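Open the model in your viewer and keep the selection panel at hand. The tour goes stop by stop.

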Amino acid sequence: MNILKVDHIGIAVKNLADSAKLYEMLGIPQAGVEEVAEQKVRVSFFPVGDSEIELLESTSPDGPIAKYIEKNGEGIQHLALRVDNLEAALAELKAKGVRLIDEKPRYGAGGAKIAFVHPKATGGILLELSER
Ligand code: ZN
């Protein structure tokens, strides 16, 4: 498995427009808004150097981000690492017995292929692997 960098940090927010104001105030340009229907979220990326901050707002009360906020409040929801070959990374983790949420890549914002590793396998961190 070849991890290239920290791709982004995902932050669960109640209101994307309100939360975006902080990053705009810090001088970080917003790189557009995209809705990912499959995950019931609207996301916005803020590029910071070689990585990004991803704000996630739920589009449904039963979506994973709404449930996360209900349980934990707003805040950092996941860490995303970029890999060069997601399918190979998933196969390697599976072979090592690492508990995965996604055994196959799914669609992520910006056309990325993504998959999540279960927090029980990572000491409580929801880990996203991303290939672009
Ligand atoms: Zn993400």
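Buried means under 20% relative accessible area and exposed over 50%, with partly exposed in between (1.4 Å probe, protein chains only). Helices (H or I, at least four residues) and strands (E, at least two) are DSSP runs, numbered from the N terminus. The model is predicted: local features need pLDDT of at least 70, side-chain atom pairs count only at pLDDT 80 or more, and totals for chains, interfaces and linings use all residues. Residues are numbered from 1 along each chain as its sequence is written, and side-chain values use heavy atoms, with hydrogens and water left out.

**Helix α1.** Select residues 16–25. The buried residues here are L16, S19, A20 and Y23. Viewed down the axis of α1, they fall within an arc of 105° (taken from the directions from the helix axis to the C-beta atoms), so they line one face of the helix. On the face turned away from that buried side, look for the exposed residues A17, K21 and M25.

**The aromatic pair.** Keep Y23 and add F46; both are buried. Rings of Phe, Tyr and Trp (its six-membered ring) pair if their centres lie within 6.5 Å; planes under 30 degrees apart count as stacked, over 60 as edge-to-face and the rest as tilted. The structure holds 1 such pair. The ring centres of Y23 and F46 are 5.3 Å apart and the planes stand at 40°, so the pair is tilted. Y23 belongs to α1 and F46 to strand β3 (residues 41–48), so the contact ties together parts 23 residues apart in sequence.

**Strand β5.** Select residues 75–83, then strand β1 (residues 3–13): 8 bridges join the two, which run antiparallel. Two strands pair if DSSP finds at least two bridges between them. K5 stands opposite R82 in β5. Now add strand β8 (residues 127–131), which pairs with β5 in the parallel sense over 4 bridges. L81 has L129 in β8 as its bridge partner.

**The zinc ion.** Which protein donors does the zinc ion have? They are H8 (NE2), E54 (OE), H78 (NE2) and E128 (OE), lying 2.0 to 2.2 Å from the ion. Donors are N, O and S atoms within 2.8 Å of the metal (3.2 Å for Na, K and Ca); water is not among the atoms, so sites may look incomplete. E54 lies in strand β4 (residues 51–58) and E128 in β8, so this pair ties together parts 74 residues apart in sequence. E54 is buried, with a relative accessible area of 5%, and E128 is buried at 4%.
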